[in-house]
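Welcome! Here are some short exercises for getting to know a structure, each with a worked solution. Have a look at the picture and then try each task before reading on.

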Amino acid sequence: MSGGTKRLPRAVREQQMLDAAVKVFAQNGFRDTSMDAIASEAQISKPMLYLYYGSKEELFSACIARESGLFIDAMSVGFDPSLSQREQAVTVIREFLRFVHENRESWRVLYRVAIGTASFSGIVSDSRQRVTEMVAQLIKAGTTVETAGDIDFELTAVAIVGACEAVADRITEGDVDLEKATNMLVGIAWRGLKGVGTDI
């Protein structure tokens, strides 16, 4: 093909479309985002965008699937059986907050836009449940308290993930330092981990 525009591989073009879509959805929300705006951001024609994704709903679903997968991958880094329980907790919290810090638009799409859109909130809830289960397994693996039960691990994991989500929102606004937030949450989480299964 001479004298024409070099055609990108399909997979590359799809990722560029998703990159553009995540950016526009993060800025405008689902309802106020148009396929025209996404096509413009991706520097492609609207017919081309519809060729890959038949509707805005299909495109948004693809965005959620990709971003939640990246988030799960980032969180999985902390699950190393060779690490101590404290090191695991530090790694998980650090990777959670680092992902948000480095992928703010992704976080807004997952935990603001999608959660606020009824037809997509279930997908994000599933992703959150997977992360919570991963954290619960981490706690269980490192706990030596004989009286600790599954409900202790589950509730502690819910508390840790919830705290990370709350701090993550502040990080996306740029008013909380990543390192300071990580150290604070690690301190809180570690005190909680040491008390799992014990009575107050």
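Two terms come up at once: buried means under 20% relative accessible area, exposed over 50% and partly exposed in between (1.4 Å probe, protein chains only), and a nonpolar core is a set of buried Ala, Val, Leu, Ile, Met, Phe, Trp, Tyr and Cys residues joined through side-chain atoms within 4.5 Å. The model is predicted, with local features needing pLDDT of at least 70, side-chain atom pairs counting only at pLDDT 80 or more, and totals for chains, interfaces and linings using all residues. Residues are numbered from 1 along each chain as its sequence is written, and side-chain values use heavy atoms, with hydrogens and water left out.

**Exercise 1. The core**

Find how many residues the largest nonpolar core has, and which have the most contacts inside it.

Solution. Step one: the largest nonpolar core has 58 residues. Step two: the residues with the most contacts inside this core are Phe-25, Leu-49, Leu-59, Phe-60, Phe-71, Phe-96 and Leu-97. Step three: the core draws at least three residues from each of domain 1 (8-54) and domain 2 (65-196), where the bounds come from an automatic or database domain assignment. Step four: look around Phe-71, using contact to mean heavy atoms within 4.5 Å. Beyond its neighbours within four places in sequence, Phe-71 is in contact with Phe-96, Phe-99, Trp-107, Leu-110, Tyr-111, Ser-127 and Val-131. As background, nonpolar side chains tend to be buried together in soluble globular proteins.

**Exercise 2. The whole chain**

Work out how many helices and how many strands the chain has.

Solution. Step one: helices (H or I, at least four residues) and strands (E, at least two) are DSSP runs, numbered from the N terminus. Step two: counting them gives 9 helices and 0 strands. Step three: of the 200 residues in the chain, 43% are buried. Step four: among contacts with a separation of 6 or more, 67% are between residues 24 or more positions apart.

**Exercise 3. Helix H1**

Check whether the span of helix H1 agrees or disagrees with the value expected at 1.5 Å a residue.

Solution. Step one: the expected span of a helix is 1.5 Å times one less than its number of residues. Step two: helix H1 (residues 10-28) has 19 residues, so it should span 27 Å, and its end C-alpha atoms are 27 Å apart, which agrees. Step three: the buried residues of H1 include Met-17, Ala-21, Val-22 and Phe-25. Step four: their cover includes helix H2 (35-42), helix H3 (46-52), helix H4 (56-76) and H6. Step five: after H1 comes Gly-29, with a positive phi near 85°.

**Exercise 4. Two loop residues**

Decide whether Thr-33 is buried or exposed, and do likewise for Gln-43.

Solution. Step one: Thr-33 sits in the loop between H1 and H2. Its relative accessibility is 3%, so Thr-33 counts as buried. Step two: the side chain of Thr-33 reaches the backbone oxygen of Val-24 at 3.5 Å. Step three: Gln-43 lies in the loop between H2 and H3. Gln-43 has a relative accessible area of 74% and is therefore exposed. Step four: the phi of Gln-43 is near 60°, a positive value in a residue other than glycine.

**Exercise 5. A serine in a helix**

Find which side chain is joined to that of Ser-106 by a polar contact.

Solution. Step one: Ser-106 belongs to helix H6 (residues 104-113). Step two: Ser-106 counts as buried because its relative accessibility is 4%. Step three: a polar contact is a pair of N or O atoms within 3.5 Å; within protein, one must be able to donate a hydrogen and the other to accept it, and residues adjacent in sequence count only if both atoms are side-chain atoms. The side chain of Ser-106 makes such a contact, of 2.8 Å, with that of Glu-67. Step four: leaving out residues up to four places away in sequence, Ser-106 touches Val-22, Glu-67 and Phe-99.

**Exercise 6. Far in sequence**

Find how many Å separate the C-alpha atoms of Leu-185 and Ala-89 in space.

Solution. Step one: Leu-185 is in helix H9 (residues 178-194). Step two: Leu-185 and Ala-89 are 96 residues apart in sequence, and their C-alpha atoms are 9.6 Å apart in space. Step three: with a relative accessible area of 5%, Leu-185 is buried.
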